[in-house]
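Biologist: I'm new to this one, so could you take me slowly through a single part of it? I'd like to hear how one helix sits against its partners, and then whatever you can add about the strands.

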Amino acid sequence: MFLGLSAAAIAALGSGGASAQEGAGAPLAAAVAKLADLLETGYVVPETGKRYAAMLRQKLAAGGYAALTDPEALGRQLTIDLAAVSPDRHLRVTSDSVIRTGSGGPRPAPQPGPRIGPAPRRSVEDAGWVAKQVAYIRFVGFTGEPDAVAATADFMKIHATAKALIVDCRYNGGGGVAEMNAMLPYLYARETVLVQMQMAESVARMRGGTPFDDDKFIRPVANPSAGIISREHYVVPHKTETGLFGAKVFYLTSNRTASAAEHLTLALKRTRRATLIGEITAGANHFGEFERIGGGLAVFLPVGRTIDPDTGKDWEADGIAPDVAVAPALALEEALRRAGVL
């Protein structure tokens with residue numbers, strides 16, 4: 001179900017409104033109008049959200065989408081148009097089938113813990129001893145599924161005698177923080193703030209809270225900026241498993257390390273708990289969720305961002321630079337060399 005045109009959209013349509021809707025079809029025209037409403041009221045950067053909305057309403061009123069009667073074609077064009085106003089690696093319009101089935105398979109049931117990006121299909125692809133006293137785990141996503149979280153915790157416990165740990169997120173497109181919360185308590189000897197997340201207070205109010213309200217490792221923190229809600233992601237040391245507190249940690253990155261995997265990248269980098277090896281990450285910071293807009297379409301709507309508490313900056317479009325820059329294909333070899341294996 002989709003909302004009708006907002007008052008602002010109706011006013012913007014003016015005399016060209018009828019032809020615009022007849023060309024694109026009323027459901028698709030209404031979908032564009034709803035998209036404009038959502039961006040104006042819910043986008044992570046309010047000023048940019050208003051710019052997105054103004055562009056969409058102007059183009060809709062001028063009949064700019066009239067020839068696009070196929071929802072998928074319209075979604076692609078809307079994504080292109082939005083990026084031309086202001087690039088955002090998460091913001092995109094696509095078929096609403098992503099909400100029903102995910103990317104080519106059954107979508108996982110909702111799990112505890114905030115989503116930072118679209119739900120990936122799996123978490124751990126490989127894990128074990130890669131050399132004597134060197135443990136290795138490769139995450140290709142952070143699904144938050146209970147078995148993936150349990151497998152992460154089991155891996156950390158089983159490999160608690162490691163002198164070095166290699167965390168490979170070179171091809172991790174993101175997800176949520178549940179796997180991080182299972183892993184990081186094994187690595188920090190004292191309670192440590194990792195990163196902060198921010199949302200507009202008006203957006204949180206409309207949505208009944210933030211995506212982080214039920215996560216035990218995310219807590220409120222004061223924000224000097226009016227109208228902004230801040231939360232901090234922190235880690236509490238494991239009470240009994242302390243073997244990895246002094247271990248070397250190497251974190252592998254590429255330009256496909258995105259979203260929640262970048263959240264972890266920043267957490268490890270700013271706390272100096274790992275040596276980052278590889279290349280600059282994807283630059284996909286803003287978090288949110290998919291919402292249907294009608295006409296068979298959905299938008300991944302970015303509603304918040306993760307920041308460095310020390311600088312107040314995020315990494316949208318820029319990515320996060322590694323400590324040791326090497327081609328991604330050589331990152332594991334470099335980590336093994338630094339772990340004393342090669």
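Modeller: Here is a walk along one helix and its partners, followed by a few strands and two single residues.

A word on the ground rules first. This is a predicted model, in which local features need pLDDT of at least 70 and side-chain atom pairs count only at pLDDT 80 or more, while totals for chains, interfaces and linings use all residues. Residues are numbered from 1 along each chain as its sequence is written, and side-chain values use heavy atoms, with hydrogens and water left out.

The protein chain holds eleven helices and twelve strands; these are DSSP runs numbered from the N terminus, with helices being H or I of at least four residues and strands E of at least two. Of its 342 residues, 54% count as buried, where buried means under 20% relative accessible area, exposed over 50% and partly exposed in between, using a 1.4 Å probe and protein chains only.

Now the helix, α3, which covers residues 26-42. Two packed helices are described by the angle between their axes and the distance between the axes. Axes here are lines fitted to C-alpha atoms, for helices over the stretch in contact, and angles run from 0 to 180 degrees between N-to-C directions. With α4 (residues 46-61), the axes come within 7 Å and cross at roughly 160°. That makes α3 and α4 roughly antiparallel; angles over 145 degrees get that label, under 35 is roughly parallel, 65 to 115 roughly perpendicular, and the rest oblique. Residues from α3 such as Ala-29, Val-32 and Leu-39 are among those that meet α4, where the partners include Gly-49, Tyr-52 and Leu-60; contact means heavy atoms within 4.5 Å. By class, this contact has ten nonpolar, one polar and four charged residues. Nonpolar covers Ala, Val, Leu, Ile, Met, Phe, Trp, Tyr, Cys and Pro, charged covers Asp, Glu, Lys and Arg, and the others, Gly among them, are polar.

Helix α3 also has α5 (residues 71-85) as a partner, with axes that come within 12 Å and cross at roughly 30°. These two helices are therefore roughly parallel. Leu-28, Val-32, Leu-35 and Leu-39 of α3 meet Pro-71, Leu-74, Leu-78 and Leu-82 of α5. By class, that contact has eight nonpolar, no polar and no charged residues.

On to the strands. Strand β3 (residues 134-139) has five of its six residues buried, so the rest of the structure largely encloses it. Six bridges join β3 to β2 (residues 124-131), and the two run antiparallel; strands pair if DSSP finds at least two bridges between them. Asp-126 has Arg-138 in β3 as its bridge partner. The hairpin of β2 and β3 has two residues between the strands, and Gln-133 there takes a positive phi near 65°. With β4 (residues 164-168), β3 pairs in the parallel sense over five bridges, and Ile-137 has Val-167 in β4 as its bridge partner.

Last, two single residues. Asn-172 lies in the loop between β4 and α8 (178-183), and at 0% relative accessibility it counts as buried. Leaving aside neighbours within four places in sequence, Asn-172 is in contact with residues including Phe-139, Gly-141, Arg-256 and Ala-261. Asp-147, found in helix α7 (residues 146-158), is exposed, with a relative accessible area of 54%.
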